[in-house]
Amino acid sequence: KLIALMGMTSVYARQSYKPSTQNTHVVVAGEVYGRGIIDFFREFFHPDHGNTSQQAVIIGEGLPTQEIRTLLSDPRFSFLITYLDGNVMNDRDLKRAAIVQADAVFLLTNKFSSVPAQDDANCILRALSIQRFLHKHNVATSDKKKKNVLCMQLLHSESRKLYATSAKQASGSEQFHNQLVCIDEIKMNMLSKSCLVPGLITMINNLIASSGDNTPSSQEAAWLHEYSEGIGFEIYRVEISEAFVGYPFNEVSQTIYTMTGSLV
């Protein structure tokens, strides 16, 4: 009977992620079924970021979609991504993903949803379920100093207030570093700024997205060489050295630019 029951469930519903001391991992959940999941991991595992020891666990409901199967069969990602058939509302599935040991949790949303309010509500419920589970674990292990990082996408800016109200009522919400990205808010702000600064959207998109080797041939126009050089620049948030404490900003920025060629 046990063999028969196991045969009725897929391998993705039975397997678990085994964390290693040599690697770290993140958990990705929510709307992981569209083309966006491929773009997410292409950026996340881009060589420019140096994530050589980083792995990822996807929690999705049902068998992997065509997009996820594409990732799992890609030699660049096949040993870095683990797919689990589960639900973040279920404690057992959160344990299977080793979410307690995860560096961060990413909750994605459907950017093309026809019911954005409902999708935001579902995303908030997932976030609260994860927070409750991690808080219960931290209390049980007396690890109250640990800060878990939760990065969440929301469609409407109004949902930010709904999440803040719900999280405040949830136990242990102060133990989390929450990063909320409201897609409509960013989109509208960029559109309004681009009316004053034409080309701003293209510039920001090039700065936040990693690019490969796009060096044009010597026969191409001069402006194309300049544009190719420009898209090689990227924005990173880094912790500045304590050696710069007390120095004025202009001296700090000049020193960093002279030593590394980076803009602060």
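This passage describes the nonpolar cores, the cavity and the pockets of a predicted model.

The largest nonpolar core comprises 29 residues, and those with the most contacts inside it are I99, L107, I130, M152 and Y163. Two or more residues of this core are contributed by each of the strands β1 (24–30), β2 (54–60), β4 (104–108), β5 (148–154) and β6 (176–182), and likewise by the helices α6 (116–140) and α7 (158–169). The largest share, 7 residues, is supplied by α6. The surroundings of L107 illustrate the packing in this region. When residues up to four places away in sequence are not counted, L107 touches A29 and G30, then C123, R126, A127 and I130, and finally L150, C151, M152 and Q153. A second core, separate from this one, consists of 20 residues, among them F40, F45, L71 and Y83.

Enclosed space was examined next. The count comes to 1 cavity of 30 Å³ or more, and the largest cavity has a volume of about 70 Å³. Its lining is formed by A29, G30, Y33, I59, G60, E61, G86, N87, V88 and R126. At least two residues of this lining are supplied by β1, and at least two by β2. By class, the lining of the cavity divides into 4 nonpolar, 4 polar and 2 charged residues. Two of the residues named in the cavity lining, E61 and R126, belong to the charged class. A29, G30 and R126, which line the cavity, are also among the residues touched by L107.

Open space was considered separately. The largest pocket has a volume of about 2,300 Å³. This pocket is lined by 48 residues, of which F40, E43, Q153, V181 and I208 are the closest to its centre. Elements giving two or more residues to the lining are the strands β4, β5 and β6 and the helices α3 (36–44), α8 (183–196) and α9 (200–208). The largest share, 6 residues, comes from α3. The lining of the largest pocket contains 27 nonpolar, 11 polar and 10 charged residues. Among the residues closest to the pocket centre, F40 is also a member of the second core, while Q153 is touched by L107.

The second largest pocket has a volume of about 600 Å³. Its lining is made up of 16 residues, and E234, Y236, S262, L263 and V264 are the closest to its centre. By class, this lining has 10 nonpolar, 4 polar and 2 charged residues.

Notes. Residues numbered from 1 in each chain as written. Predicted model: local features only at pLDDT ≥ 70, side-chain atom pairs only at ≥ 80, totals over all residues. Heavy atoms only, no water. Core = buried A, V, L, I, M, F, W, Y, C linked by side-chain atoms within 4.5 Å. Buried < 20%, exposed > 50% of the residue type's maximum accessible area, 1.4 Å probe, protein only. Helix = DSSP H or I, 4+ residues; strand = E, 2+ residues; numbered from the N terminus. Contact = heavy atoms within 4.5 Å. 1 Å grid on protein atoms, 1.4 Å probe; cavity = no way out; pocket = protein on both sides within 12 Å on 5 of 7 lines; lining within 4 Å. Points joined across faces, edges and corners; volume = space filled by probe spheres on them.
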